[in-house]
Amino acid sequence: MAAARPHRWLRWPKNAAPHGRAPRLAYGADYNPEQWPREVWDEDVRLMREAGVNIVSLGVFSWARIQPGEDEWDFAWLDEVMDLLHANGVAVDLATATASPPPWLTALHPEILPVTATGETVWPGARQHWRPTSPVFRSYALRLAEAIARRYADHPALAAWHVSNELGCHNVYDYSDDAAAAFRTWLRARYGGIEELNTAWGTAFWSQSYTGFDQVLPPRLAASHPNPTQQLDFKRFSSDALKEYLRAERDLLQEVTPDVPITTNFMVMGESRGMNYADWAGEVDFVSNDHYVRPGAQALDELSFSANLTGNIAGGRPWFLMEHSTSAVNWQPVNRAKAPGEMARDSLLHVAHGADAVCFFQWRQSAAGAEKYHSAMVPHAGSDSAVFRSVADLGARLTRMAPLAGSRRKPAPVAIVFDWESWWACEQDSHPTSLLRYRQEALDWYSALLARGVRADVVPLGTPLDGYGMAVAPILHLVREETAKELVRYTEAGGHLVTTYFSGVVDENDHAWLGGYPGPLRELLGIRIEEFAPLLPDERVRLDDGSVGTLWSDDLTVTDPQVEVLASYADGPRAGQAAITRRATGAGSAAYVSTRLGSQGLAGVLPRLLERAGVSGELPPQLRGRVEVAVRADDGAEYWFAVNRTAEPVDIADLGGELLDPAGAAEQDGARILPPRGAAVLRRPIS
Ligand code: GAL
């Protein structure tokens, strides 16, 4: 993980609503006033006050408006918006406006446009049509960022800088000639000489040996599977290239305004995998994240998982929820509107996992453009609408929750270890199965723990595991020797490790560890696998503990008599062979699960693993699975967030504490009722 910069939170203006500089949670949205006539701005700020909005992200897509030509600048409108917001107590997270280059720039310099793996140009017409490695793009973007930074350096509304927008959302993989040149530079720095690259990439295979760096290309469309290490390195490089870009904007901003914190919005959500955010987090003053719910059985768990991982990437410190939606989005196959209560519940679940800011995309729903059907704080229907009323209610609730601002995540008893490089490597092509999904496996473990009322921290690989009674490292596919040693040390010191199928298979160059899988974890686990046995889409294997596996099975031999077999295959070609094993190691243990059990199926083995690890849920039995609890703490108190996972009312009186915000639950006759989709915060003073 990257060395973190010291954490710096928003620089609140003296007059920021609602309490000046007093601690508060930030509340607001992306604000795009350039889409509206001047008279709408007055209504905007009036409604912002009504809704309790105290911050907006401004200028995210304003490049064309600010700089209408190479040497033409128009700041007058932005000056007016900044002043208007300030006069109304709304602070500004001011964007560098570099996310979407205007048509004059792409007409003048078409060489900034990205190129796909198949050689097609990504034309202007949408947004983020720029090459992360283009020196031409960078010089124009930095010129714009500098002009904005100098103009607003001393503006009293300025609370933070917002670099670009969702870096890499559409342009993480660029295969252009600029990318090829930068890739070569990156490879030279990584390997030094071409022979080292040949060794790392295993180029003796298929006659791929290079005799000079100038022959090396990004993994463009090829006749068959491109070299896997070339692909993995290109993923590493592409994440690094955008990180370098982030640094370039950040360094410039820092020079102009050393006292203003800098952030950029990450996309820790769903299958967004191109950017290694664990590695980026150290580059910003505070972490920001965007999250959009995808409907489905695990939708709420996925939100919690993403918020949790974001909080841990941020090192447990408060982070900024930069975007989510008040209701429907516009980019899914069917865009579901949120049910009553859902928006507040989703928002508070992010706060539960450490967000000190709740912001939306966007303030006012666009009347034109690709996102006109995307919800906003002020919908097309106007302020006389259920959405706006729920927005204003949430603003009031967040104001009452101000006392918890600045509190940190309280570590959980279990860790789920999350590793971008394993994610990248295990899902590459030409593998035993194309059906394996890294993040889904991690999410399934998280769901299974939630269902048992056990809190887990989703932590990036490299986070010290010592405080965790149990650490689950699902599909830890790419294992460096140091990682293996660290895991041995963890279990010897009393930690209980659980890992799964397709772990410990390759080294950092994506070369198979030899001698049997799972390579460097073999001894620790006390098992040896000679061959993988992935399952066809409709194939199932029964285990003798009653659970059913899909996707994968292993030809597994127990090599250490100390190993306890927790379950064996009951049928199929592996019948009688061990399927789930556990080896005691000094004070701890190391367990292996050789098939995919799924979020429900894990209910079979998980209680046994938890029991042996000495981890028990913190929730009273009747609340387990029905309520998610996440805990934040400061010097004086713990804040227990209780989030109703069901569509029924739930009595949470047994959790104790006092309601921080009375709107969270109804108290009557000793009961404390959390409504369906409700979320409440319980303050429990630390004596
Ligand atoms: C994000 C983006 C926003 C908006 C939003 C819609 O990816 O940063 O500008 O497009 O999605 O859901």
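This is a short tutorial dialogue on reading the ligand site, sheets, cavities and unusual backbone spots in a predicted model.

User: What should I know about the model before I start?

Analyst: It is a predicted model, in which local features need pLDDT of at least 70, side-chain atom pairs count only at pLDDT 80 or more, and totals for chains, interfaces and linings use all residues. Residues are numbered from 1 along each chain as its sequence is written, and side-chain values use heavy atoms, with hydrogens and water left out.

User: Happy with that. Which residues are around the ligand?

Analyst: A residue counts as near a molecule if one of its heavy atoms lies within 4 Å of it. Around this ligand you will find Phe-61, Arg-127, Asn-165, Glu-166, Tyr-292, Glu-323, Trp-331, Phe-361, Glu-371 and His-374. By class, that shell holds four nonpolar, two polar and four charged residues. Here Ala, Val, Leu, Ile, Met, Phe, Trp, Tyr, Cys and Pro count as nonpolar, Asp, Glu, Lys and Arg as charged, and the others, Gly among them, as polar.

User: Which side chains have an N or O atom paired with an oxygen atom of the ligand?

Analyst: Look for polar contacts, meaning pairs of N or O atoms within 3.5 Å. Glu-166 has a side-chain N or O atom 2.3 Å from a ligand oxygen. For Glu-323 the corresponding distance is 2.7 Å, and for Arg-127 it is 3.0 Å. Taken alone, the ligand exposes 310 Å², and the protein buries 95% of that (accessible areas by the Shrake-Rupley method with a 1.4 Å probe).

User: Now the sheets. In what order do the nine strands lie?

Analyst: Strands of a sheet pair through backbone hydrogen bonds, either parallel or antiparallel. In this scheme strands are DSSP runs (E, at least two residues), helices are runs of H or I with at least four residues, and both are numbered from the N terminus; two strands pair if DSSP finds at least two bridges between them. The nine strands make an open, parallel sheet ordered β5-β4-β3-β2-β1-β9-β8-β7-β6. At its edges are β5 (262–263) and β6 (265–266), each pairing on one side only. To trace one pairing, follow β6 to β7 (residues 288–290), a parallel match over two bridges, where Asn-265 has Ser-288 as its bridge partner.

User: What is the pairing in the three-stranded sheet, parallel or antiparallel?

Analyst: That open sheet, β24-β27-β26, is antiparallel. Its edge strands are β24 (650–651) and β26 (666–668). Two bridges join β24 to β27 (residues 671–674), and Val-650 stands opposite Leu-674 there.

User: How many cavities are there?

Analyst: Rolling a probe the size of a water molecule over the atoms shows where empty space is left. On a 1 Å grid over the protein atoms alone, a cavity is a set of points where a 1.4 Å probe fits but cannot get out, and lining residues have an atom within 4 Å of a point. Grid points are joined across faces, edges and corners, and a volume is the space filled by probe spheres set on the points. The count is five cavities of 30 Å³ or more.

The largest has a volume of about 170 Å³. It is lined by 21 residues, with Arg-455, Ala-456, Glu-628, Val-629 and Ala-630 nearest its centre. β22 gives the most to this lining, with five residues. The lining divides into 12 nonpolar, three polar and six charged residues.

The second largest cavity holds about 100 Å³. Its lining includes Val-293, Arg-294, Ser-325 and Glu-342.

User: Where does the backbone look unusual?

Analyst: Most residues other than glycine have a negative phi, and most peptide bonds are trans. A cis peptide bond joins Phe-361 and Gln-362, with omega about -5 degrees, and Phe-361 is also one of the residues around the ligand. Gln-362 sits in the loop between β9 (355–360) and α12 (386–400). The bond from Tyr-517 to Pro-518 is cis too, with omega near -5 degrees. Ser-164 has a positive phi, near 50 degrees, and lies in the loop between β4 (158–162) and α6 (177–191).

Methods. A polar contact is a pair of N or O atoms within 3.5 Å; within protein, one must be able to donate a hydrogen and the other to accept it, and residues adjacent in sequence count only if both atoms are side-chain atoms. On a 1 Å grid over the protein atoms alone, a cavity is a set of points where a 1.4 Å probe fits but cannot get out, and a pocket is an open set with protein on both sides within 12 Å along at least five of seven lines; lining residues have an atom within 4 Å of a point.
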